[in-house]
2 protein chains.
Amino acid sequence: MTSAVLVARPRERAAVRNISCSACTAREQSFCHVLAHAMNLPRVEVPRPVQEIRTVPARRFICRKPDFLTHVPIICRGWAMSGVLLSDGSRQILSFLLPGDFASPALLFDPRPNCFVEAITDVTYRAFRRGDLKDLIFADPDLAERLSRLWVDEKRRADETIVDLGRRPAAERIARLILGLVERLEPGALGSGRPVEVEFPLRQHHIADAIGLTPVHVSKLLTEFRRNGLIRLSERSLTILDTARFRAVAQLR
Amino acid sequence: MTSAVLVARPRERAAVRNISCSACTAREQSFCHVLAHAMNLPRVEVPRPVQEIRTVPARRFICRKPDFLTHVPIICRGWAMSGVLLSDGSRQILSFLLPGDFASPALLFDPRPNCFVEAITDVTYRAFRRGDLKDLIFADPDLAERLSRLWVDEKRRADETIVDLGRRPAAERIARLILGLVERLEPGALGSGRPVEVEFPLRQHHIADAIGLTPVHVSKLLTEFRRNGLIRLSERSLTILDTARFRAVAQLR
DNA sequence: CGGTGTCTTGAATACCATCAAGTCTTGTGG
DNA sequence: CCACAAGACTTGATGGTATTCAAGACACCG
């Protein structure tokens, strides 16, 4: 809840804004990077009210189905997720959001979200005014094209998920989800063949809801992975111990 | 194989081109429509070599994983599908393509497809030179934005599929797939509450591969739908007999 | 008229879900 | 700081949904 305090104090918010952008963990290929580049800025330091910094604690919603959003949120720090709730109470997570990601690209065009976005850890995000951001993007053909590429990438990731859910057994799905996240967090680290350790704030029910399984089954498969010496996972920290064998479980070449 | 003949005869190809565009069945909101509008043309009648008309018979590939495509295909007539093949021989269909659809939006940026595209019926498509089409699109902010909206729409459909595969039982998935196709083919027709009949060239294995089931199980559930008087399906023709009850099976409000 | 593709139906099986009980951790208010 | 409640994880027993296997009917095509 430190964030709420910061929002209430202009001087500190400014400080945080600088910190968050200079120490930004967003990946090179993220939306933030593309946008900052296009605006000839070191990062996306734009005056209000074009953007605003906001912070929410873990487990709080950033937006929900019935909301009407005048601003488009982009994650600066922490983990979030987008997903939908079904009438029977079950949940499907559509994607995990890391720094640099749009909360939902659709929000650029429609103030009504078609999925919820929820913070997993404490999350800091920037909220851009929709109209300003849209004008900015489409006025510049180069920027529009680079962003379209990012969306095509997102579509590709969604297609991978469809394949996982439609045609892969449970163990494979879990391994692929984990490897995909590790690759996003530490690009290329899996190639070395040496163990890779990352922060991993997901609960087992997050994994379950992302790949269409129950938490119970996820637990059983994770303990099996551990027994086989493939991974270590505890205290919000994940280590891929045997990258080669774990990739084999995931059916990755 | 009539198409090969047509391609070899300039006069006939021109005739076919006019026929296909004036009698185009692409929906209002399709890419073709948006593009034609932007170019101030009745339809997308653009001289070669910017575009070319091609035709393939049913069950033939339009493109495959290892191909290198200099042109971007857009479906003019017939049904096609995009999907991926897995190492164990199974297949996941990612989407069914109807007139007006990009074979794969990713092809606008990358000559190497990340999925195959296969004709289901005989298919006629236009192949636009990638560079020309891209320049055309991104030079016009309005066009770029309208296309981005279409991609966001596609992403939304992919997300729906993820929810279906992750959290819905088999009967619900089949019903939703069918209703989604009918809605694309005859927008609004389901609202009337009266029976709706459409051409339906899909085989049961297409349905199975699209929603992560086996053809055997699809067969069993379809015969159950028939027994319950929900649908009629034979001779490549589908009728939704009881739209209200069938929508209930699909869990649609 | 054999071959291939499609669909149907029944029986056996496998995978994952559900149910249930218990441990451990985390958070909270007294 | 402790007591209590809630959440997270584990493990075993049981059950259901969908798969696999198999056999046969039917249509279409060369």
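**Helix pairing and a three-stranded sheet**

In this predicted model, helix α5 of chain A and helix α5 of chain B cross in a left-handed manner. Each of the two helices spans residues 141–167 of its chain, and their axes come within 9 Å, with a crossing angle of roughly 15 degrees. Because angles under 35 degrees count as roughly parallel, α5(A) is described as roughly parallel to α5(B).

On the side of chain A, the contact is made by A:A144, A:S148, A:W151, A:E154, A:K155, A:A158, A:D159, A:T161, A:I162, A:L165 and A:G166. From α5(B), the contributing residues are B:A144, B:S148, B:W151, B:E154, B:K155, B:A158, B:D159, B:T161, B:I162, B:L165 and B:G166. By residue class, the contact of α5(A) with α5(B) comprises ten nonpolar, six polar and six charged residues.

Chain A also contains an open sheet of three strands, arranged in the order β8-β10-β9 with antiparallel pairing. Strands β8 (196–199) and β9 (231–234) of chain A lie at the edges, each pairing on one side only. From one strand to the next, the twist averages 10 degrees.

Within this sheet, β9(A) is joined to β10(A), residues 237–240, by four bridges in the antiparallel sense. Opposite A:R232 stands A:T239, a residue of β10(A).

Technical notes. Residues numbered from 1 in each chain as written. Chains lettered and ligands numbered in written order. Predicted model: local features only at pLDDT ≥ 70, side-chain atom pairs only at ≥ 80, totals over all residues. Axes fitted to C-alpha atoms, helices over the stretch in contact; angles between N-to-C directions. Parallel < 35°, antiparallel > 145°, perpendicular 65-115°, else oblique. Left-handed = near helix turned anticlockwise from the far one by under 90°. Contact = placed C-beta atoms within 7 Å. Nonpolar A, V, L, I, M, F, W, Y, C, P; charged D, E, K, R; others polar. Pairing = 2+ DSSP bridges.
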